[in-house]
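Here is my note on the model, set out as numbered points that can be followed with the coordinates open. The empty spaces come before the strands, helices and rings.

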Amino acid sequence: LIKIFSKFKLIFYCVDFNEQRFSNTFLQKLYEKADKICSKYSDQTWAVCESLVDYKRINYDVVSKYIPNSFPFTDEYYEKNKDKRTGNKIVWTGSILTDKQITDIMKLSKQIQNLRPETEFWYIPSNKIDLFYKGAEKFELKNTRIFDVEGQEASRNLVSQCDSGLAIYDKNFGSTKYIEPIKIWEYMMCGLPFIISCEPSLCAKVKESGVAFLLDPDNTIIDTQRLSAFINNQNLNKLRDKCIELAKEFDASKTMGNALLFKSLAVQQR
């Protein structure tokens with residue numbers, strides 16, 4: 001509606017989409033209709049992950065741009081803390097969306113520690129901190145630290161001292177298919193390869209690079225030897241530079257800047 005009364009060029013940035021947003025069928029259809037209208041009639045449509053790009057192409061016949069949940073690149077955190085790495089620290093950071101998610105995080109942590117008993121786990125939750133203490137105790141995890149900090153600055157200073165990251169999600173959480181976790185871009189900017197659920201969307205280039213270990217469905221591990229090889233110190237060290245390269249390539253300033261200068265907007269602005 002703004003387009004009718006304004007000379008502004010409008011971008012619709014889809015940072016989330018959920019095929020089960022509402023239990024009420026009418027509200028869900030209304031939500032999807034609004035998404036379709038905004039996608040079709042904006043001057044540009046951006047999608048936060050490649051699966052959402054595909055969804056809009058197939059269902060709306062809309063060509064959208066992949067603009068990930070990345071950050072403006074800085075090597076400050078990596079350079080400042082790389083000497084503090086031990087080769088043994090795995091980090092998880094973010095918010096807990098479902099109770100199953102935290103159970104899966106703890107279960108996977110225990111499996112990893114069985115493979116590498118010297119592994120340390122650093123958890124940096126923004127909510128439900130008490131459940132991490134309970135989970136670590138229930139699964140008898142050793143060498144575990146749980147941090148209560150606020151803000152990206154404090155979180156990244158901790159993340160960048162670690163060697164790899166976890167991005168674990170509940171497959172039953174409705175929008176999982178159409179998200180690309182923001183934390184993976186933080187991990188890569190800090191030089192951390194990561195282990196991720198297979199249900200969320202993941203950029204094809206990131207998959208091909210080898211910096212991500214994809215779990216089997218529902219956060220299970222069929223081939224423990226493959227996981228053991230991934231978390232091997234030598235392999236993690238080899239993947240650090242690839243992480244930094246990807247974080248630079250998908251720097252938010254670059255991806256958004258290039259999209260804004262794309263001919264579909266530039267022509268209209270002349």
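1. This is a predicted model, and within it there is one cavity of 30 Å³ or more. The largest cavity has a volume of about 50 Å³, and its lining is made by G87, N88, K89, I90, R116, T119, D163, S164, I231 and L236. Rolling a probe the size of a water molecule over the atoms is what shows where such empty space is left.

2. Pockets are a separate matter. The largest pocket has a volume of about 530 Å³, and 26 residues line it, with T93, G94, S95, I182 and K183 lying nearest its centre. Two or more lining residues come from each of β4, β5, α7 (152–159) and α8. Which of these elements gives the most to the lining of the largest pocket? That element is α8, with three residues.

3. Strand β4 deserves a closer look, since I90 of the cavity lining has its bridge partner, F121, in β5. Five of the six residues of β4 (residues 89–94) are buried, so the strand is largely enclosed by the rest of the structure. On the side of pairing with strand β5 (residues 120–125), the two strands run parallel and are joined by six bridges. Strand β7 (residues 164–167) also runs parallel to β4, to which three bridges join it, and here W92 stands opposite L166. Strands of a sheet pair through backbone hydrogen bonds, either parallel or antiparallel.

4. The connection between two of these strands can be followed through a helix. Together, β4, helix α5 (residues 99–115) and β5 make a β-α-β unit, and this unit is right-handed.

5. There is also an open sheet of three strands, in the order β1-β2-β3 and with parallel pairing. Its edge strands are β1 (11–14) and β3 (65–66), each of which pairs on one side only. Four bridges join β1 to strand β2 (residues 44–47), the two running parallel, and the bridge partner of C14 is A47 in β2.

6. Is helix α8 largely enclosed or open to its surroundings? Seven of the eight residues of α8 are buried, so the helix is largely enclosed by the rest of the structure. The buried residues are K183, I184, W185, E186, Y187, M188 and M189, and K183 is also among the residues nearest the centre of the largest pocket. Just after α8, G191 takes a positive phi of about 80°.

7. The aromatic side chains form a set of their own, with 15 aromatic pairs in the structure. One of them joins Y123 and F132, whose rings are 5.3 Å apart centre to centre with 45° between the planes, an arrangement classed as tilted. Y123 has a relative accessible area of 0% and is therefore buried, and F132, at 0% relative accessibility, likewise counts as buried.

8. The rings of W185 and F250 have their centres 5.3 Å apart and their planes at 55°, so this pair is tilted. The pair links distant parts of the chain, given that W185 is in helix α8 (residues 182–189) and F250 is in the loop between α11 (233–249) and α12 (252–260), 65 residues apart. Both W185 and F250 are buried.

9. Other rings are worth checking in the viewer. Ring pairs link F17, F22, Y31, Y55, Y60 and Y178 into a cluster. Two arginines sit over rings in a different kind of contact: the charged end of R145 is over the ring of W122, 5.2 Å from its centre, and the charged end of R156 is over the ring of F71, 4.2 Å from its centre.

10. A last point concerns K248, which lies in helix α11. With a relative accessible area of 42%, K248 is partly exposed, the limits for that class being 20% and 50%. The C-alpha atoms of K248 and S70 are separated by 9.7 Å, although the two residues are 178 residues apart along the chain.

Technical notes: Residues are numbered from 1 along each chain as its sequence is written. This is a predicted model: local features need pLDDT of at least 70, side-chain atom pairs count only at pLDDT 80 or more; totals for chains, interfaces and linings use all residues. Side-chain values use heavy atoms; hydrogens and water are left out. Rings of Phe, Tyr and Trp (its six-membered ring) pair if their centres lie within 6.5 Å; planes under 30 degrees apart count as stacked, over 60 as edge-to-face and the rest as tilted. Buried means under 20% relative accessible area, exposed over 50%, partly exposed in between (1.4 Å probe, protein chains only). A charge sits over a ring if NZ of Lys or CZ of Arg is within 6 Å of the ring centre and within 35 degrees of the ring normal. Two strands pair if DSSP finds at least two bridges between them. A crossover is right-handed if, with the strands pointing away from the viewer, the path from the first strand over the helix to the second runs clockwise. On a 1 Å grid over the protein atoms alone, a cavity is a set of points where a 1.4 Å probe fits but cannot get out, and a pocket is an open set with protein on both sides within 12 Å along at least five of seven lines; lining residues have an atom within 4 Å of a point. Grid points are joined across faces, edges and corners, and a volume is the space filled by probe spheres set on the points.
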